[in-house]
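Open your viewer and keep the selection tool handy. We will go from one chain as a whole to the places where the two chains meet.

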Amino acid sequence: MTATQLAFFVLAVASTASALGVIIFKNAVHCALSLILTFLFLALFYLQLGALFIAIVQVLIYAGAIMVLFLFVVTMLASETDETELRDHIPWQRWVASILGVVLVGVLSYLLFTGTPVGGSAVTTGANSLSHVVNTQGNTQAFGLALFHGFAFPFEVTSLLIVVAILGAMVLGRKA
Amino acid sequence: MMPLSAYLIMSAILFSIGVVGVLIRRNPLIIFMSIELMLNAVNLSFVAVSSKLDSADGQMFVFLVLTVAAAEVVVGLGIIVSIFRTRRNIDVDEMNTLRG
């Protein structure tokens with residue numbers, strides 16, 4: 001077993017365990033911390049795949065900014081969040097949902113193995129390929145070139161989305 | 001280099017854990033965390049396919065998903081906080097009316 005494979009399996013077990021922690025822990029703060037751990041493991045996966053910029057953004061935006069927002073709200077509603085777990089109206093829901101989750105993993109894996117394999121002529125080659133641009137100009141430069149050459153319009157629409165989200169948060173947050 | 005299917009199966013496992021989390025938890029905050037987990041599982045498969053196809057397009061999608069996730073969390077947490085303000089109770093099973 002090579003070092004890459006060993007790293008993958010350690011990361012796979014660790015991220016599955018921390019993701020299970022998100023849905024198993026009773027205390028919402030523990031769930032949030034477990035989710036931060038999952039995001040950090042995913043950032044390591046991205047590093048392994050050579051996506052340096054995405055890995056850094058994952059740590060800064062997801063594990064940093066978004067989860068801080070989550071923890072603010074969790075601590076704000078802390079008195080309420082423990083009590084709500086006790087009232088379970090449908091007792092069999094948990095078991096059925098877990099079985100359906102296992103079925104979902106099985107079906108997705110089956111589809112992955114029976115579907116058309118990715119690759120062949122779809123792989124980008126030559127001067128446009130990601131590895132070529134990364135080697136000649138650098139990782140973040142490759143990301144920026146792809147973003148502003150092929151995805152300039154979606155990038156601009158994203159700013160509209162953020163404005164709408166800010167306005168929505170202000171409307172929801174003001175004193176009624 | 002690991003085969004692409006290993007990353008895709010990892011992504012499927014994380015996605016299914018997120019689905020189960022949405023189904024079994026009663027706390028809307030944890031349901032939100034499970035949705036974030038599902039978004040991240042999809043991001044992992046985007047990055048894996050991007051690396052396999054040697055193209056930056058998959059990373060662009062991850063970038064856009066990240067922005068959408070941030071906007072979604074801001075609005076969603078705002079809604080949860082305002083529901084808590086009016087009802088003093090955030091059990092999702094109780095949220096069956098749109099009246100305040």
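Begin with a contact map of chain A: among its contacts with a separation of 6 or more, 44% join residues 24 or more positions apart. This is a predicted model, so colour it by confidence before going on. Chain A has a mean pLDDT of 86, with 91% of its residues at 70 or more. Compare two of its helices: α2(A) has the highest mean pLDDT among the elements of the chain, 94, while α4(A) has the lowest, 63.

**Stop 1: chain A as a whole**

Switch to cartoon view. You should find eight helices and zero strands in chain A. The radius of gyration of chain A is 21 Å, well over the 16 Å from the globule rule for 176 residues, so the chain is more spread out than a compact globule. Turn the C-alpha trace along its principal axes and it spans about 60 × 45 × 30 Å. Colour by burial next: 23% of the 176 residues of chain A count as buried.

**Stop 2: the two domains**

Select residues 1-83 of chain A for domain 1 and 128-176 for domain 2, following the domain assignment. Their C-alpha centres lie 22 Å apart.

**Stop 3: the largest nonpolar core**

Now show side chains for A:A32, A:L35, A:Y46, B:L14, B:M33, B:L44 and B:V47, the residues with the most contacts inside the largest nonpolar core, which has 61 residues. On the chain A side, the elements giving two or more residues to this core are α1 (3-24), α2 (28-48), α3 (52-76), α6 (130-137) and α7 (139-150); on the chain B side they are α1 (4-24), α2 (28-53) and α3 (57-87). Domain 1 and domain 2 of chain A both contribute residues, so the core lies between them.

Stay on B:V47 for a moment. Which residues does B:V47 touch, leaving aside those up to four places away in sequence? From chain A they are A:Y46, A:L49, A:A51 and A:I54, and from chain B they are B:G58, B:Q59 and B:V62.

**Stop 4: where the chains touch**

Finally, select the contact between the chains, which takes 70 residues from chain A and 64 residues from chain B. On the chain A side, α1, α2, α3, α4 (78-84), α5 (93-114), α6, α7 and α8 (152-173) each supply at least two residues. Colour that side by class and you will see 45 nonpolar, 20 polar and five charged residues.

Conventions:
Residues are numbered from 1 along each chain as its sequence is written. Chains are lettered from A and ligands numbered from 1 in the order in which they are written. This is a predicted model: local features need pLDDT of at least 70, side-chain atom pairs count only at pLDDT 80 or more; totals for chains, interfaces and linings use all residues. A nonpolar core is a set of buried Ala, Val, Leu, Ile, Met, Phe, Trp, Tyr and Cys residues joined through C-beta atoms within 7 Å. A residue is buried if 20 or more other C-beta atoms lie within 10 Å of its own, exposed if 12 or fewer, and partly exposed in between; C-beta atoms are placed from the backbone. Helices (H or I, at least four residues) and strands (E, at least two) are DSSP runs, numbered from the N terminus. Domain bounds come from an automatic or database domain assignment. Two residues are in contact if their C-beta atoms, placed from the backbone, lie within 7 Å. Ala, Val, Leu, Ile, Met, Phe, Trp, Tyr, Cys and Pro count as nonpolar, Asp, Glu, Lys and Arg as charged, and the others, Gly among them, as polar. pLDDT is the predictor's confidence in each residue, from 0 to 100. The radius of gyration is taken over C-alpha atoms; the globule rule is 2.2 Å times the number of residues to the power 0.38.
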